[in-house]
Amino acid sequence: PSARTFYEEVGGEPVFGALVARFYEGVRSDPVLAPLYPQDDWEGAETRLRRFLEQYWGGPTTYSQQRGHPRLRMRHAPFAIGPAERDAWLRHMRDAVDSLDLTAEQDATLWGYLTMAARSMQNRFPDE
Ligand code: HEM
């Protein structure tokens, strides 16, 4: 039998659902981040992020069936993401990861990816 995916190991859809629900609760009330998001489609934004993360970690491939190749840097190009936006995004994500019941190793795996991905999504680099 093939090895269990990280998606399965941490608990599958309920866990990814809880992660993004908690994350968007924070984002919706964040004065820096909230204005960037589609105000009439918070539910859609939540679903897109959940499905992307599920797919990334070996779960169902619904994200790409519905959205095609992720090309995340390109999809974030319309949004000005500088250090403040990146740090706010990571702060809400840290809070959401903390709300899960992961082992230290699972936490490190997930958090390592999220911090790397958030840095790569930054597209504004103001001078010091
Ligand atoms: C979409 C902001 C980082 C994954 C979006 C959207 C915004 C946004 C405003 C549009 C919402 C929507 O309609 O779906 C940001 C900011 C970030 C950040 C400010 C700070 C660094 C990330 C990271 C990931 C990610 C690190 C992945 C680990 C996604 C995905 C979508 C999305 C999958 C939906 C793409 C689509 O199919 O259209 N993001 N994002 N974002 N973001 Fe981010």
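A polar contact here is a pair of N or O atoms within 3.5 Å. Keep that in mind for the views below, which all come from a predicted model.

**View 1. His 76 meets the ligand.** A polar side-chain atom of His 76 lies 2.8 Å from a nitrogen atom of the ligand. That same ligand carries an iron atom, and the protein gives this iron a single donor: NE2 of His 76, 2.0 Å away. If you want to find His 76 along the chain, look in helix 5, which covers residues 72–76.

**View 2. Around the ligand.** Step back a little and you can count 21 residues surrounding the ligand. The closest are Tyr 37, Arg 48, Tyr 63, Arg 67 and His 76. Two of these reach ligand oxygen with their side chains. For Arg 48, an N or O atom of the side chain sits 2.8 Å from an oxygen atom of the ligand. For Tyr 63, the distance from a side-chain N or O atom to a ligand oxygen atom is 2.5 Å.

**View 3. Tyr 37 and Trp 42, ring to ring.** The whole structure holds 12 aromatic pairs. In this one, the ring centres of Tyr 37 and Trp 42 are 5.5 Å apart and the planes meet at 20°, so the pair counts as stacked. Are these two residues buried or exposed? Both Tyr 37 and Trp 42 are buried.

**View 4. Trp 57 against Tyr 113.** Here is an edge-to-face pair: Trp 57 and Tyr 113 are 5.6 Å apart from centre to centre, with 85° between their planes. The two come from distant parts of the chain, 56 residues apart, with Trp 57 in the loop between helix 3 and helix 4 (62–67) and Tyr 113 in helix 7. Trp 57 has a relative accessible area of 12% and is buried. Tyr 113, at 11%, counts as buried too. Both belong to one aromatic cluster, together with Phe 6, Phe 52, Tyr 56 and Tyr 63.

**View 5. Inside the largest nonpolar core.** In soluble globular proteins, nonpolar side chains tend to be buried together. The largest nonpolar core in this model has 33 residues, and those touching the most other members are Phe 23, Tyr 24, Tyr 37, Leu 53, Trp 89, Met 93 and Leu 114. Elements giving two or more residues to this core are helix 1 (6–10), helix 2 (13–28), helix 3 (42–56), helix 6 (83–98) and helix 7 (104–121). Which helix gives the largest share of this core? Helix 2 does, with 7 residues. Now zoom in on Leu 114: setting aside neighbours within four places in sequence, Leu 114 is in contact with Leu 53, Trp 89, Leu 90, Met 93 and Val 97.

**View 6. Gln 106, tucked into helix 7.** Gln 106 is part of helix 7. Its relative accessible area is 10%, so Gln 106 is buried. The side chain of Gln 106 comes to 3.0 Å from the backbone nitrogen of Thr 103. Not counting residues up to four places away in sequence, Gln 106 touches Phe 6, Glu 9 and Val 10.

**View 7. Arg 71 and its backbone.** Most residues other than glycine have a negative phi. Arg 71 is not a glycine, yet it has a positive phi of about 35°. You'll find Arg 71 in the loop between helix 4 and helix 5. At 44% relative accessibility, Arg 71 is partly exposed.

Definitions and conventions:
Residues numbered from 1 in each chain as written. Predicted model: local features only at pLDDT ≥ 70, side-chain atom pairs only at ≥ 80, totals over all residues. Heavy atoms only, no water. Donors = N, O, S within 2.8 Å, 3.2 Å for Na, K, Ca; no water. Helix = DSSP H or I, 4+ residues; strand = E, 2+ residues; numbered from the N terminus. Core = buried A, V, L, I, M, F, W, Y, C linked by side-chain atoms within 4.5 Å. Buried < 20%, exposed > 50% of the residue type's maximum accessible area, 1.4 Å probe, protein only. Contact = heavy atoms within 4.5 Å. Near = heavy atom within 4 Å. Polar contact = N/O pair within 3.5 Å; in protein donor to acceptor, adjacent residues only side chain to side chain. Phe/Tyr/Trp six-rings, centres within 6.5 Å; stacked < 30°, edge-to-face > 60°.
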